[in-house]
Amino acid sequence: MDQHSKCPCGSSLTYGQCCAPCHTGEKLPPTAEALMRSRFTAYYLQNSAYLLATWDATTRPASISFANDPTRWTRLEIVGIQKGRATDSKGTISFNAYFEQEGEKGVMGETSRFRKLAGRWFYLDGTVKDTAENALAPGRNGLCPCGSGKKFKRCCMK
């Protein structure tokens with residue numbers, strides 16, 4: 001992605017000013033929200049290495065494959081933040097992640113939990129919101145749009 005393009009995470013910054021330094025390891029996300037935004041951009045870019053590196057070891061999948069994933073993430077909307085500041089040790093972010101899949105548009109709503117260990121934020125887990133907005137989310141037996149390679153019912157749906 002071009003360093004001067006608008007960052008996919010929805011900030012008003014360019015990718016080079018926003019999520020790229022996190023993806024390259026130049027800086028650590030200072031808050032749970034910054035980690036959430038950088039992880040969304042990693043899904044947008046299909047950067048499985050960053051996703052795995054920022055996933056808490058207690059809940060991290062063995063691998064993430066985008067090889068057969070038709071999901072194209074298009075936009076992130078943060079809808080709620082509880083804690084997760086630079087001085088906190090845990091935080092919760094509620095968001096809507098918009099996507100296109102096989103010509104259809106959809107949105108996945110999730111509330112994600114984050115924790116900070118040794119000065120570094122990690123994604124712990126998330127609960128997918130059961131709303132009409134998620135109507136185009138994959139069926140129970142479809143692949144999870146998070147890229148884990150697992151069925152939706154065994155991943156983000158639970």
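Two residues are in contact when heavy atoms of theirs lie within 4.5 Å. In this predicted model, among the contacts between residues at least 6 apart in sequence, 45% join residues that are at least 24 apart. The protein chain contains three helices and four strands, and from the N terminus on these elements follow the order α-α-α-β-β-β-β. Of the 158 residues in the chain, 44% are buried, while the accessible surface comes to about 8,300 Å², with 49% of that area belonging to carbon and sulfur atoms.

The aromatic side chains offer a way into the details. A pair of aromatic rings is described by the distance of the centres and the angle of the planes. The structure holds five aromatic pairs, and one of them is formed by Trp73 and Phe99, whose ring centres are 5.4 Å apart and whose planes meet at 65 degrees, so that the pair counts as edge-to-face, a class that requires an angle over 60 degrees. This pair links distant parts of the chain, since Trp73 belongs to strand β1 (residues 71-83) and Phe99 to strand β2 (residues 90-101), with their positions 26 residues apart in sequence. Both Trp73 and Phe99 are buried, and together with Tyr43 and Phe66 they form one aromatic cluster.

Phe114 and Tyr123 make another such pair: their ring centres lie 5.8 Å apart and their planes stand at 70 degrees, so this pair is edge-to-face as well. Phe114 and Tyr123 are likewise both buried.

A charged group also meets an aromatic ring, for the charged end of Arg75 sits over the ring of Tyr98, at 3.9 Å from the centre of that ring.

How values were computed
Residues are numbered from 1 along each chain as its sequence is written. This is a predicted model: local features need pLDDT of at least 70, side-chain atom pairs count only at pLDDT 80 or more; totals for chains, interfaces and linings use all residues. Side-chain values use heavy atoms; hydrogens and water are left out. Helices (H or I, at least four residues) and strands (E, at least two) are DSSP runs, numbered from the N terminus. Buried means under 20% relative accessible area, exposed over 50%, partly exposed in between (1.4 Å probe, protein chains only). Accessible areas come from the Shrake-Rupley method with a 1.4 Å probe; for residues, only the protein chains shown count as cover. Rings of Phe, Tyr and Trp (its six-membered ring) pair if their centres lie within 6.5 Å; planes under 30 degrees apart count as stacked, over 60 as edge-to-face and the rest as tilted. A charge sits over a ring if NZ of Lys or CZ of Arg is within 6 Å of the ring centre and within 35 degrees of the ring normal.
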